[in-house]
Amino acid sequence: MNALPIIGVWLGGWALNIWLARFDTRLSRMAVAVVFGATLLILWEMAVRIYAIPAVILPAPSQIATSLVANRSILWTDFVQTILRGALTGWLIGGLAAMLTAIAIDRSPFLQRGLLPIGNFVAALPIVGIAPILVMWFGFDWQSKAAVVVVMVFFPILVNMVAGLKATDAMQRDLMASWAAPYAASLWKLRLPAAMPFLFNGLKITTTLALIGAIVAEFFGSPTRGMGFRISTAVGRLDLPLVWAEIVVAAIAGTLFYGLVALIEKKVTFWHPSQRK
């Protein structure tokens, strides 16, 4: 009998979404997502209350929200340390290094045969193996976390960028050659525009990798701040609402990060068929 309210809420949310989906407008599609998310949160809260699930196993959304408000200053400090300093800095450095390396590989077949296998090897290294080494090299502050992020994001962006630089067809390249265009002009006017959709695919993929790398790296040494540090210490104190609060902040930051890169992609590659409606 305890499951009847849960089933009733689920069926009600399902019926409401079926009704909203009939309109097929932008507002209705947003409403469907909001209703679905709200239904899951309500079901989560009801399950915890009805079945008396301990907070150390699964805290209720209301407990997580309370922890978010009560620990907002701590969460902000951790956000700045992990996301802005570690993840964002490493993502920018790794992305820029990957783009420059891709251009060098596109220019030199020798580098293509030599660097790509090495990049593949580095990408296969487990983060739990390289994070302690980089912490010893760069110290316990955000610099070592940024270094871990650089290693994680470099190869995915490199592979996409190399593929994008080669996305031009033979007729386009022959046309540039018939105009005696130097490599710099061909790169700027032909290869880089063609590579932008590929590049942004790599950038979007690595937005989440950057956050994961920065957080996981903090488990192997960090100052007394940061999301990874806070999660590990909160688990030791059985403060699961704070752990989930950190997870919520990381999820929101990752979503906004991805959305920002996707928005920039839409502005930069407005001419590409994938951006047409």
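Read from one end to the other, the protein chain runs α-α-α-α-α-α-α-α-α-α-α. That makes eleven helices and zero strands, where helices (H or I, at least four residues) and strands (E, at least two) are DSSP runs numbered from the N terminus. The model is a predicted one, so local features are taken at pLDDT of at least 70 and side-chain atom pairs at pLDDT 80 or more, while totals for chains, interfaces and linings use all residues. Residues are numbered from 1 along each chain as its sequence is written, and side-chain values use heavy atoms, with hydrogens and water left out.

On confidence, pLDDT (the predictor's confidence in each residue, from 0 to 100) has a mean of 84 over the protein chain, with 90% of residues at 70 or more. Helix 3 (residues 61-70) has the highest confidence at 92, and helix 8 (residues 170-178) the lowest, at a mean of 62.

As for the overall packing, 39% of the 277 residues count as buried. Here buried means under 20% relative accessible area, exposed means over 50%, and partly exposed is in between (1.4 Å probe, protein chains only). Contacts (heavy atoms within 4.5 Å) often reach far along the sequence: of those between residues at least 6 apart, 71% join residues at least 24 apart. The protein chain exposes about 15,600 Å², and carbon and sulfur atoms supply 74% of that area. Accessible areas come from the Shrake-Rupley method with a 1.4 Å probe; for residues, only the protein chains shown count as cover.

Part of that surface is a nonpolar patch of about 800 Å², made by L4, I7, W10, L11, W14, I18, F36 and L40. Patches are made of residues with over 30% relative accessible area and no salt bridge; like charges are joined within 9 Å, and nonpolar side chains (Val, Leu, Ile, Met, Phe, Trp, Tyr) within 5 Å. Helix 1 (3-21) and helix 2 (26-50) each put in at least two residues. Helix 1 gives the most, with six, and W14 is found in this helix.

Next come the aromatic pairs, of which the structure holds four. Rings of Phe, Tyr and Trp (its six-membered ring) pair if their centres lie within 6.5 Å; planes under 30 degrees apart count as stacked, over 60 as edge-to-face and the rest as tilted. One of the pairs joins W44 and W244 edge-to-face, at 5.3 Å centre to centre and 65° between the planes. W44 lies in helix 2 and W244 in helix 11 (residues 240-268), so the pair ties together parts that are 200 residues apart in sequence. Both partners count as partly exposed, W44 at 22% relative accessibility and W244 at 26%. W91 and F257 also form an edge-to-face pair, with 4.9 Å between centres and 75° between the planes. This pair ties helix 4 (residues 72-107), which holds W91, to helix 11, which holds F257, across 166 residues of sequence. Both W91 and F257 are buried.

The charged side chains tell a similar story of links. Side chains of opposite charge can pair when their charged atoms come close. Five salt bridges are present, a salt bridge being a side-chain nitrogen of Lys or Arg within 4 Å of a carboxyl oxygen of Asp or Glu. Among them is the bridge between D78 and R230, at 2.8 Å from N to O. It links distant parts of the chain, with D78 in helix 4 and R230 in helix 10, 152 residues apart. D78 is buried, with a relative accessible area of 0%, and R230 counts as buried at 14%.

R230 has buried company in helix 10 (residues 227-236), where M227, G228, F229, I231 and A234 are among the buried residues. After helix 10 comes L238, with a positive phi near 60°.

Another bridge joins E265 to K204, the closest N and O atoms being 2.9 Å apart. E265 sits in helix 11 and K204 in helix 9 (residues 183-217), 61 residues apart, so this pair too links distant parts of the chain. E265 and K204 are both buried.

The bridge between R49 and E45 (2.9 Å, N to O) stays inside a single helix: the two residues are four apart in helix 2, separated by about one helical turn. R49 counts as exposed at 51% relative accessibility, whereas E45 counts as buried at 19%.
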